[in-house]
Amino acid sequence: MSKSDTILKLLQGCNSLQRLQKIHAHVITNGLQHHPAISTKLVHFCAVSVSGSLSYAQLLFHHIDNPQTQAWNSIIRGFANSPSPLQSILYYNDMFSSSVSRPDNFTFSFVLKACERVKAENKCREVHGTIIRCGYERDVVVCTNLVRSYVGNGFIGVAKKVFDDMSERDLVSWNSMISCYSQAGFHYEALKVYDEMKNENVGLDGFTLVGLLSSCAHVGALNVGVNLHRIACEEGFVKNVYVGNALIDMYAKCGCLDDAFCVFDSMQKQDVFTWNSMIVGYGVHGHGDGAISFFRQMLMAGVQPNSITFLGLLCGCSHQGLVEEGVEYFHMMNTKFNMKPGIKHYGCMVDLFGRAGKLEKALDMIGTSPSQDDPVLWRTLLGSCKIHKNVKIGEIAMRNLVQLGASNAGDYILLAAIYAGVKDTDGIAKMRKLIKSQGIKTSPGWSWIEVGDQIHKFVVDDKSHPDFFEIYHKLREVINQAALLGYVPEESLISVAGLITEECLETSTSYHSEKLAIAFGLARTPKGTSIRIVKNLRVCKDCHSFTKYVSKAFNREIIVRDRVRFHHFKGGVCSCKDYW
């Protein structure tokens, strides 16, 4: 066996940088540093292996006289996955100035990953053009990575066009499209891709299920999620811890804590994400005591909590008004688990004190936070001031938001609501004038409801639905039935002044998006079944009151997930006990 063959064999079994450096020394002493195969293998190990070193890979690479495509690919791949992905693009550019090597499908895949990570949209388009010129536009791996890169740069439509134009689409391609839509927040579109996928008889795997279940969780598509759970059981994927975690998350976010617990209880292996899904699930449903119970069981099971665990705990304590417990867990992060609370944990504490009416303590908490210039903290405080009609601290919060240049329409409307609570018409008029003079736009409110396996989306005064005439007719009937039990539409001082309520940011009290969704649900689902609605903004006071009366009038449980928490309406009462 020749010396070069011996060294290549040694490199094949190399598993540490120290060992590689010894082999490299042998390469130099034997005069083989310019051997193409050996040089390429040395670079590959240093650039790609977890035991490697990118700086050492660069040193090796720059001593190669005419690097072959494989060597270029290693260095481009290494940096694409590193903290410095821009270097990957720079090496790709250098490769084109080389007359020796040409890019292949691996080159394009690696540089597209770098384009995705550095948000280099123009480079992504340029690489796309090169892919076509080099004849790789039909390569399934390259096109799949092109889809991911376009999505990462915000070009969802272009990504879908690339996907649709692919002559061959394997399971990885379909999974990528679903995952990309889901991660970009296009959950409805992700579920539509699944409908296409079923028609192609591609099948599915654990990655498909995790992506789809995530989208089901976000839009409240319980029926689709239940069907995916059945498939997971039939195909044996339910034993996969990632699928199990996704099922728990889906059931919890669809308002089915009992089903989430059944999945949790049946899992053979439970990791920190499994426990977190339950703790966060109980937290956002307002069951702080349940979140605490799971936390204690988690510690007994020997699972180390992380920052997400404490977010779920603090959220639950806030929504249930467990102030002492929340303070205890906040301090426990540092004293017992050596974790520094992040800005989100401080936000939970501001919310905890604020909801409980301890506004001075909430203000002090912002003062001790690592980032007093975070607008979320001041906005949270402003919301609490609305609950407790505290004008003084509300104005302090608003002043800070303005100074940070972070004020928006919702903030002005919140302060207007605080003025309305104390019947300060001058304050309301001032807010109205500010909104009009600055041309501030409000965020549109929408609600999703699942009927059968279809998701229906409504906005305020929506007439885009094909059955809108039937829906409005049903809503008028529902309003009349609720009124017979005592429901009275709330017209606040803000509405009288020509403003809109903060919680909904919509214009018509009668036809808010969730009211249309409830009417549609009552018309299209069997008597006695639960109605589940997902809303992007907070439920307003009027809609909250309306839904309580509807749940009693029609003997239905109505579960509403808004921007802040879950509301379970049943028999005329809400699980939040009007504390939100």
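In the predicted model, the span of residues 271-305 is 74% helix and 0% strand, and its end C-alpha atoms lie 10 Å apart. This span is one of those to which UniProt, in an unreviewed entry, assigns the feature "repeat: PPR"; the record also places the feature at residues 170-204 and 240-270. For residues 170-204, the helix content is 74% and the strand content 0%, with 10 Å between the end C-alpha atoms.

A pair of helices was examined next. Helix 13 comprises residues 206-219 and helix 14 comprises residues 222-235; their axes come within 9 Å of each other and cross at roughly 155°. Because angles over 145 degrees count as roughly antiparallel, helix 13 is described as roughly antiparallel to helix 14. The crossing of helix 13 with helix 14 is left-handed. On the side of helix 13, the contact involves Leu209, Leu212, Leu213 and Cys216, which meet Val224, Gly225, Leu228 and Ala232 of helix 14. By residue class, this contact of helix 13 with helix 14 holds 7 nonpolar residues, 1 polar residue and no charged residue.

Gly225, from helix 14, can also be related to a position elsewhere in the chain. Asn81 is separated from Gly225 by 144 residues in sequence, and the C-alpha atoms of the two are 33 Å apart in space. Asn81 is placed in the loop between helix 5 (69-80) and helix 6 (86-97). When residues up to four places away in sequence are not counted, Asn81 touches Lys113 and Arg117.

The model also contains a sheet. This open sheet is formed by 6 strands in the order 2-1-3-4-5-6, with mixed pairing. Its edges are strand 2 (454-459) and strand 6 (573-574), each of which pairs on one side only. Within the sheet, strand 4 (residues 558-561) and strand 5 (residues 566-570) run antiparallel and are joined by 4 bridges. Ile559 has His568, in strand 5, as its bridge partner. A helix accompanies several of these strands: helix 29 (residues 513-524) lies across strand 1 (446-451), strand 2, strand 3 (531-535) and strand 4. With respect to strand 1, helix 29 runs at about 10°.

Note on methods
Residues are numbered from 1 along each chain as its sequence is written. This is a predicted model: local features need pLDDT of at least 70, side-chain atom pairs count only at pLDDT 80 or more; totals for chains, interfaces and linings use all residues. Side-chain values use heavy atoms; hydrogens and water are left out. UniProt positions are given in the numbering used here, feature names are shortened, and annotations may be inferred rather than shown by experiment. Helices (H or I, at least four residues) and strands (E, at least two) are DSSP runs, numbered from the N terminus. Two strands pair if DSSP finds at least two bridges between them. Contact means heavy atoms within 4.5 Å. Axes are lines fitted to C-alpha atoms, for helices over the stretch in contact, and angles run from 0 to 180 degrees between N-to-C directions. Angles under 35 degrees count as roughly parallel, over 145 as roughly antiparallel, 65 to 115 as roughly perpendicular and the rest as oblique. A crossing is left-handed if the near helix is turned anticlockwise from the far one by less than a right angle, and right-handed if clockwise. Ala, Val, Leu, Ile, Met, Phe, Trp, Tyr, Cys and Pro count as nonpolar, Asp, Glu, Lys and Arg as charged, and the others, Gly among them, as polar.
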